[in-house]
Amino acid sequence: MKRRSLPVAAALAASAALLLTACGGGDDKSSDNDKIAGADQGAETPKKSAKPSAAPAEDKPDGVDVSLPKDMNLVFDWETPKNNNEAAAMEDAANYIRAIYRGVDKRTTRDAAVAAYATGDGLHYAEAQINSRIDGGWTSIGTRRHYDVATRSASNGSSVEVAFCVDSSKFYGKEVKTGKVLRSEPSIADFDHFEIIMVKYPTAEDLWQASKVFVETKATQCR
């Protein structure tokens with residue numbers, strides 16, 4: 001239902017200045033499950049901006065490329081809320097997840113999608129997830145399903161909580177050098193519950209950024 005073709009150059013320029021160096025764990029089978037990470041990191045200005053992409057329009061919802069390789073399939077089984085802010089925040093929460101895995105695929109935390117859809121602790125978390133995979137020498141492959149979504153708006157209208165379940169039972173780590181897929185037996189460790197606080201970018205219409213990420217691992221309510 002993407003609702004705008006708004007250029008986000010100004011948003012990217014401001015957000016890029018907030019890019020941080022983080023550390024932490026991953027959520028694919030080789031190190032299993034997302035963690036809340038990067039709470040005490042310092043700021044660092046990137047040396048150069050991301051290059052523009054030639055991706056098709058459907059992969060560039062805010063003029064930012066969130067396309068992924070065909071073997072990295074992120075499925076969002078979500079119903080669109082009637083509330084416009086909640087619908088926009090929910091959609092950009094999905095774009096935030098795409099941005100993380102685009103960074104994993106591109107082997108960088110400096111991709112424009114990360115700067116567009118993340119800020120504050122949400123940016124720490126995204127960088128931690130990407131860096132853990134870069135440091136471990138692996139990427140991701142398979143299908144990661146997101147479902148049972150719920151949204152809740154703050155009274156001031158400037159933030160929305162997006163909560164959802166994740167099933168990673170068919171989503172695996174893959175060694176970059178060897179191409180070996182790191183499979184594991186299905187278990188409760190494949191199921192997580194996310195709560196992402198999305199905040200409205202003040203100078204861009206309908207652009208929302210992940211500012212905080214909370215993850216419950218081994219989430220029995222998602223099984």
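Author: A disulfide is a pair of cysteine sulfur atoms within 2.5 Å. Keep that in mind as we look at this predicted model.

Reader: Thanks! How many disulfides does the structure hold?

Author: The structure holds one.

Reader: What makes Cys-165 and Cys-222 a disulfide?

Author: Their sulfur atoms are 2.1 Å apart. The cut-off is 2.5 Å, so a pair within that distance is called a disulfide, and Cys-165 and Cys-222 form one. The angle about the S-S bond is -75°, and the link is left-handed.

Reader: Which parts does this pair tie together?

Author: Cys-165 belongs to strand β3 (residues 159-175), while Cys-222 sits in the segment after β6 (208-217), so the link joins parts that are 57 residues apart in sequence.

Reader: Why is Cys-165 called buried?

Author: Buried means under 20% relative accessible area. Cys-165 has 3%, so Cys-165 is buried. Its partner Cys-222 also counts as buried, because its relative accessibility is 3%.

Reader: And Asp-148: is this residue buried or exposed, and how do you know?

Author: Asp-148 has 53% relative accessibility. Exposed means over 50%, so Asp-148 counts as exposed. You can find Asp-148 in strand β2 (residues 138-153).

Reader: What makes the phi of Asp-148 worth pointing out?

Author: Most residues other than glycine have a negative phi. Asp-148 is not a glycine, yet its phi is positive, about 50°.

Reader: What is the phi of Lys-218, and where does Lys-218 lie?

Author: Lys-218 has a positive phi of about 50° as well, although Lys-218 is not a glycine. Look for Lys-218 in the segment after β6, where Cys-222 is also placed.

How values were computed. Residues numbered from 1 in each chain as written. Predicted model: local features only at pLDDT ≥ 70, side-chain atom pairs only at ≥ 80, totals over all residues. Heavy atoms only, no water. Helix = DSSP H or I, 4+ residues; strand = E, 2+ residues; numbered from the N terminus. Buried < 20%, exposed > 50% of the residue type's maximum accessible area, 1.4 Å probe, protein only.
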